[in-house]
Amino acid sequence: MLIITGSLAYDYIMDFPGSFSDHILPDQIHNINLSFIVNKFAKRRGGTAGNASYALALLQTKHTLFSCAGKDFEEYQKDFEKIGIETKYIQIYKDTYTSTGFAMTDKKDNQIWGFFNGATDHNYELKIKTVATSNDLVLIGPQSAKGSLSLIKQCIKQDIPYMFDPGFILTQVSDEDLTLGVTHATYIIGNDYEIKLISDRVKDFKTLTKEKIIITTLGEKGAVITDQGKHITINPAKAKKIVDPSGAGDAWRGGFLAGLSRGFGLQVCGQMGAIAAVYAVEEYGTQEYSYTKSQFTKRYKETYNEFLTL
């Protein structure tokens, strides 16, 4: 069974038709007071755990979504239950709000974000032994550093395999804590910048990871999976249109894990990740894309000239 942890969030996405740089005066950077009139606004479901769970659900992959949400989660919960995602293991905190992100993007794709952690700050209180055993795999997705470290330590204590995704917390954790997460992980995943930063900060990284699976995502260039020194190249899927890259990484993780849960090899798992990710970039928002299993396998065949049975 897959156990998906990380954040659940509402994203408020806005588009500013101009350029931020036209309104920021360098000599007044210490005294900023700006208002931007936006011409596009959308409220979307998001969060790293929610996004990965959504991708898994489209591929009809059984998993447990394990995270925290706030008193405003009912709308999100109903939407997920409609598509068959079980929400009973999500802890609801009535004294705070679900994590919330506010993003404004200008015409040059520069972004200004504000993020409220909200209920995600409680993820450290989650008890992994209530949902997982040593036969499961836990995705320790981006959330608060305290939450990630708590789950890592619990997985180590309970001898539960986990995939470590530390990108969002690299600025918050010590080298010692980062090394702990890497040392006991079965899989390590991040983009090329993150993996380079991790390898620089973790002493004897190559020795510690020689028997681990390291997944390096490369955006539009695909990905590389390293398995005990062997490099597996994952070619990217071609997007019909690029609308919004937000959530593509989470979709990639969902596709990869869906393959892994079916016992597929790493090459196929990575290619499933690439197909899931390309659907995500073609829509505005992190959970606005959709596909059936037959549509997914058709696109897989068109991209990799291989049949995929789901």
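Across which strands does helix 2 lie, and at about what angle does helix 2 run to strand 3? I opened the predicted model with this in mind, and I found that helix 2 (residues 74-82) lies across strand 2 and strand 3, its direction making about 65° with that of strand 3.

**Entry 1: the four-stranded sheet**

I then followed the sheet that holds these strands, which is open, has four strands in the order 3-2-7-8, and shows mixed pairing. Strand 3 (40-46) and strand 8 (111-116) are its edges, and since each has a single partner strand, one side of each is left without a neighbour in the sheet. Ignoring direction, I noted an average turn of 15° between neighbouring strands here. For the pairing inside the sheet I looked at strand 2 (residues 9-15) and strand 7 (residues 99-105), which are parallel and joined by seven bridges; Tyr12 has Phe102 of strand 7 as its bridge partner.

**Entry 2: the eight-stranded sheet**

I turned next to an open sheet of eight strands, again with mixed pairing, in which I read the order as 4-1-9-10-11-12-13-14. Its edge strands are strand 4 (63-65) and strand 14 (230-234), each of them paired on one side only. The average turn between neighbouring strands of this sheet, with direction ignored, is 20°. Within the sheet, strand 9 (residues 137-140) and strand 10 (residues 162-164) run parallel and are joined by three bridges, and I found Val138 opposite Tyr162 of strand 10. Helix 4 (residues 175-184) packs on this sheet, where it touches strand 10 and strand 11 (187-191), and its direction is at about 135° to that of strand 10. Helix 5, for its part, lies across strand 11 and strand 12 and runs at about 125° to strand 11.

**Entry 3: the second largest pocket**

Which elements each supply at least two residues of the lining of the second largest pocket? I listed helix 5 (192-201), helix 6 (205-208), strand 12 (213-217) and strand 13 (223-227). The pocket has a volume of about 270 Å³, and its lining is made of 14 residues, with Phe205, Thr209, Ile214, Thr226 and His231 lying nearest the centre. Sorted by class, I recorded seven polar, four nonpolar and three charged residues in this lining.

**Entry 4: helix 7 against helix 8**

Last, I looked at how helix 7 (residues 248-261) and helix 8 (residues 266-281) pack: the angle is about 145° and the axes are 7 Å apart, and the crossing is right-handed. On the side of helix 7 the contact includes Trp252, Gly255, Phe256 and Gly259, while helix 8 brings residues including Leu266, Gly270, Met272, Gly273 and Val281. What is the division of the contact residues into nonpolar, polar and charged? I noted 14 nonpolar, four polar and no charged residues for the contact of helix 7 with helix 8.

Notes. Residues numbered from 1 in each chain as written. Predicted model: local features only at pLDDT ≥ 70, side-chain atom pairs only at ≥ 80, totals over all residues. Heavy atoms only, no water. 1 Å grid on protein atoms, 1.4 Å probe; cavity = no way out; pocket = protein on both sides within 12 Å on 5 of 7 lines; lining within 4 Å. Points joined across faces, edges and corners; volume = space filled by probe spheres on them. Nonpolar A, V, L, I, M, F, W, Y, C, P; charged D, E, K, R; others polar. Pairing = 2+ DSSP bridges. Axes fitted to C-alpha atoms, helices over the stretch in contact; angles between N-to-C directions. Contact = heavy atoms within 4.5 Å. Left-handed = near helix turned anticlockwise from the far one by under 90°.
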